[in-house]
Amino acid sequence: MKKRQFFYVFVAAVLLLRIGYYGGIYFPILDDYIQYGLYSTVGNPFAQVVLKFQDYTVRPLAVLTDVYVWARFWEHMGIAFIIITFMHGASSILIYEALNKAGIRCGLFFVLVYLLAPVGTEATYWISGSTRIIVPLFFAAVGLWCLTKKGVGWTIAAWLFNLLSYGYYEQI
């Protein structure tokens, strides 16, 4: 098996390990019932959720994607979980490649820690939390990867993806 293929298999294995921790299924937790269960039933989500609660003043893209993207998965939250898990894996690959191209050597241990930390539920399993941590990390990783490319277009893309990441959670 070639080195690149092994790397992708390693990433997939770590993600399967993380998914397997909860038996490979997703069950809604805490805020999921409000942010996705309730939001999916609102007739005019922009007026009744976005404008009413004014979360757009702190996390503008988080509230918009909650209402218009993630709430649509309410009946199938496992699909949202798989999408976010894929984004987590893709971000690890993009960061790994960007750092190595920049001369910052990182190996499989970096990827292992990145994919498993934080260990627990809030940031990587719980949809309400992972949409604010994993999704913007993905955008930041795409932005970082774009910086490894030459040209003004890539620099603008890096700037835009990083700007997108800031719209989710202040820690990003």
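# Exercises on helix packing, cysteines and burial

His-88 touches Arg-18, Tyr-114, Leu-115, Thr-124 and Ile-134, leaving aside residues up to four places away in sequence, where contact means heavy atoms within 4.5 Å. The model is predicted, so local features need pLDDT of at least 70 and side-chain atom pairs count only at pLDDT 80 or more, while totals for chains, interfaces and linings use all residues. Residues are numbered from 1 along each chain as its sequence is written, and side-chain values use heavy atoms, with hydrogens and water left out.

## Exercise 1

Task: Place His-88 in an element and decide whether His-88 is buried or exposed.

Solution.
- Step 1. His-88 belongs to helix H5; helices (H or I, at least four residues) and strands (E, at least two) are DSSP runs, numbered from the N terminus.
- Step 2. Buried means under 20% relative accessible area, exposed over 50%, and partly exposed in between, with a 1.4 Å probe and protein chains only.
- Step 3. The relative accessibility of His-88 is 2%, so His-88 counts as buried.

## Exercise 2

Task: Describe how H5 and H7 pack.

Solution.
- Step 1. Two packed helices are described by the angle between their axes and the distance between the axes. Axes are lines fitted to C-alpha atoms, for helices over the stretch in contact, and angles run from 0 to 180 degrees between N-to-C directions.
- Step 2. For H5 (residues 77–101) and H7 (residues 127–146) the angle is about 30° and the axes are 8 Å apart.
- Step 3. Angles under 35 degrees count as roughly parallel, over 145 as roughly antiparallel, 65 to 115 as roughly perpendicular and the rest as oblique. H5 and H7 are therefore roughly parallel to each other.
- Step 4. The crossing of H5 past H7 is left-handed. A crossing is left-handed if the near helix is turned anticlockwise from the far one by less than a right angle, and right-handed if clockwise.
- Step 5. Contact residues of H5 include Phe-81, His-88 and Leu-94, and those of H7 include Ile-134, Phe-138 and Trp-145.
- Step 6. Sorted by class, this contact of H5 with H7 has 18 nonpolar, four polar and one charged residues. Ala, Val, Leu, Ile, Met, Phe, Trp, Tyr, Cys and Pro count as nonpolar, Asp, Glu, Lys and Arg as charged, and the others, Gly among them, as polar.

## Exercise 3

Task: Give the same description for H1 and H6.

Solution.
- Step 1. H1 (residues 3–20) and H6 (residues 108–116) pack at about 30°, with axes 10 Å apart.
- Step 2. That angle makes H1 roughly parallel to H6.
- Step 3. H1 passes H6 in a right-handed crossing.
- Step 4. On the H1 side the contact includes Phe-6, Phe-10 and Arg-18; on the H6 side, Leu-108, Val-111 and Leu-115 are among the residues met.
- Step 5. The contact of H1 with H6 comprises 12 nonpolar, no polar and one charged residues.

## Exercise 4

Task: How many disulfides does the rule give?

Solution.
- Step 1. A disulfide is a pair of cysteine sulfur atoms within 2.5 Å.
- Step 2. The count is zero disulfides.
- Step 3. For Cys-106, the nearest cysteine sulfur is that of Cys-146, 18 Å away.
- Step 4. Cys-106 is buried at 12% relative accessible area, and Cys-146 is buried at 3%.

## Exercise 5

Task: What is the phi of Leu-30, and where does this residue lie?

Solution.
- Step 1. Most residues other than glycine have a negative phi.
- Step 2. Leu-30, although not a glycine, has a positive phi of about 40°.
- Step 3. Leu-30 lies in the loop between H1 and helix H2 (32–38), and counts as exposed at 63% relative accessibility.
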